[in-house]
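Welcome! Here are a few exercises to work through with the structure open beside you. Try each task before reading its solution.

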Amino acid sequence: MQSQNSNSYLGVTPPISVLESNAREKEVTMTLMEELRRQNTFESEEEAKTREIVLGRVAALVKKFVKKVSMDRGLSESAANAAGGKIFTFGSYRLGVHAPGSDIDTLCVVPKHVSREDFFDVFEPMLKELEGATDVSGVPEAFVPIIKAEISGIPLDFLMARLALSSVPDNLTLKDDNLLRSLDERCVRSLNGSRVIDEILRLVPNVQVFRDALRCIKLWAQRRAIYSNVNGFLGGVAWALLVARICQLYPNAIAGAIVSRFFIIMYQWSWPQPVLLKQIEEGPLQLYPADRAHRMPIITPAYPAMCSTHNVTQSTQMIITEEFKRGAEIVDRVIVGTAEWSELFAKHDFFHKYRYYLQVIASTANQDLQTKWAGTVESRLRQLVMKLEYVDSLILAHPFIKGFDQVSYCLSEDEIRAVAQGEISDVVASRKKEDIEGKEGASPVYSTTFYIGLAIEPKPAGAVGPRKLDISYPTTEFTKLVKMWDKFDESTMGIIVRHIRSSGLPDNVFDPGERPAKLVQKRVKGAGKSSNTSPDMPNKRQRSSQSTSDLPLKPSENGSTGSAPSLPPVAETFTPKDAKPPQLPFGENVAVATGAVTAQ
């Protein structure tokens, strides 16, 4: 399909407006770009040059890798040289919206006689030998197999796609759908990362306006803690698709106007009406059937079309929608001159927002193992959120977008148990690695703690006595689920789910000076008790937390789910406010975008 249809517009509907931006929109676009520079979202010229040099070296290394494997397979030197090999970038770097220090997503395209095993057995060691390369580590068992590395200070993520071709020439492009024929699903997924970005850039009316607006939306989503595909929010591709769609609807607008319309239209969008940049192409490879049933379907434009938002849950959709509304209200005030752009990028209030939180703590005694175990637990957190959504009187379960890592140096079994339960005493917290070296029974415990905020319905009028919120079923089912991981080992991996009050949140979730003083005082009162908690020694505090626990290094101790906690009335609520919802300017009709008015 051509980038522009017979009606000479981009997208699946006509534009909402083809007018150019007015003087005020141009003014606020200038202040937006100044704010984005102030927020350090642009890299220096020096870093940009380093990236280009590194990519040139990587491109040469991929050719060398293909030649080596070709020679090992018995090809002549001339045929091995002709086998080629090429890199393609994708992600934020290819989009042109990468920030300083961000990684480069790099796809290595190789001919048919180079296998995925070669990628890890031959290319990974070659990367390790490359001058300036550090922290090279392959993850062959990942959903999309990957090698992570840093070269001359630039982080890179390498993916591989093996084409059904005997050679990969320098002039190869990935646009031809026929390249996908007879490829395995992992190669299709890897190739589509690059193909999707190319299509997005082809389907927007003005690439620079798109990039400026996306840079703004990306920073906003990161600051508001809603930029995370794995945790049920939107990832980089989904945010890019949404911004691209608004650009199509306003082909002659500049970045400030695009950002303003973005928030209003996305707040009013008729989900599950899908967001499309072009009609879905037919072919033997089809949109996964389940993709049609998602809550917020945002469909990739490259064949085969895929849903980029399959992880969104009822709770995360509510949170994203609230953030669209907040964004619309702030940008409206920016345009009329009563607010600054910096207000849009204010840090999230996740750890101040709820009275109760769930802590999900994954722990092991080995750093490499912890990376894999914590990643496995995180990838299944969405399942816990969805189960919690069925609990009576729970309005929503709000997952935070990242885990908090800690290393605790323990001298005894009791300390190891307590740390795995999330109870880290001041003594353990202040201990260093050298304090436990050579001591019998001592061990480090690596832990990653994830948080889910619980929004609970207010107590009904006239109700008396405490209410019970029974979360035993979701937590028990979740721990069963994570233990089904084929590499799970009861003796070395711990998992616990428990609820804590906001006053019990640890200091490491707050920035320096961010924690309210009254919460610090509350925490000090109970700090002495927490270090003795273990499954063998249940105390009052342990019973008050809803937990499902297993401890690292203990082969036979299975924790159990405690009685459902009794919670006092809580005031968190996500009911819509009475304020009038954000509206587009007079004469602009959002129904054009949401499909109520369609192209002829």
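Before starting, take one definition along: a residue is buried when its relative accessible area is under 20%, exposed when it is over 50%, and partly exposed in between (1.4 Å probe, protein chains only). Helices (H or I, at least four residues) and strands (E, at least two) are DSSP runs, numbered from the N terminus. The model is predicted, so local features need pLDDT of at least 70 and side-chain atom pairs count only at pLDDT 80 or more, while totals for chains, interfaces and linings use all residues. Residues are numbered from 1 along each chain as its sequence is written, and side-chain values use heavy atoms, with hydrogens and water left out.

**Exercise 1. A covered strand**

Find out how many residues of strand β11 are buried, and which strand pairs with it.

Step 1: Go to residues 494-501, which make up β11; seven of these eight residues are buried.
Step 2: Look for a partner, remembering that two strands pair if DSSP finds at least two bridges between them. Strand β6 (residues 356-364) pairs with β11 in the antiparallel sense, over eight bridges.
Step 3: Check one bridge: Tyr 356 has Arg 501 of β11 as its partner.

**Exercise 2. Charged pairs**

Work out where the partners sit in the salt bridges Glu 47 with Arg 51, Asp 118 with Arg 73, and Arg 417 with Asp 414.

Step 1: Recall the rule: a salt bridge is a side-chain nitrogen of Lys or Arg within 4 Å of a carboxyl oxygen of Asp or Glu. The structure holds 28 of them.
Step 2: Begin with Glu 47 and Arg 51, whose closest N and O atoms are 3.0 Å apart. They are about one helical turn from each other because they lie four residues apart in helix α2 (residues 45-72). Both are buried.
Step 3: Move on to Asp 118 and Arg 73, at 2.4 Å from N to O. Asp 118 belongs to helix α5 (residues 116-129) and Arg 73 to the loop between α2 and α3 (77-82), so this pair ties together parts 45 residues apart in sequence. Asp 118 is buried at 10% relative accessibility, whereas Arg 73 is partly exposed at 43%.
Step 4: Finish with Arg 417 and Asp 414, at 3.0 Å from N to O. Three residues separate them in helix α14 (residues 413-420), about one helical turn. Arg 417 is buried at 8%, but Asp 414 is partly exposed at 41%.

**Exercise 3. An annotated site**

Locate the two residues that UniProt marks as "binding site" and list what Asp 105 touches.

Step 1: The record, an unreviewed entry, covers Asp 103 and Asp 105. UniProt positions are given in the numbering used here, feature names are shortened, and annotations may be inferred rather than shown by experiment.
Step 2: Asp 103 is in the loop between α4 (91-95) and β2 (104-110), and is partly exposed at 27%. Asp 105 lies in strand β2 and is buried at 17%.
Step 3: Count contacts as heavy atoms within 4.5 Å. Beyond neighbours within four places in sequence, Asp 105 contacts Phe 88, Thr 89, Phe 90, Gly 91, Ser 92 and Asp 157. With those neighbours again left aside, the contacts of Asp 103 include Arg 51 and Asp 157.
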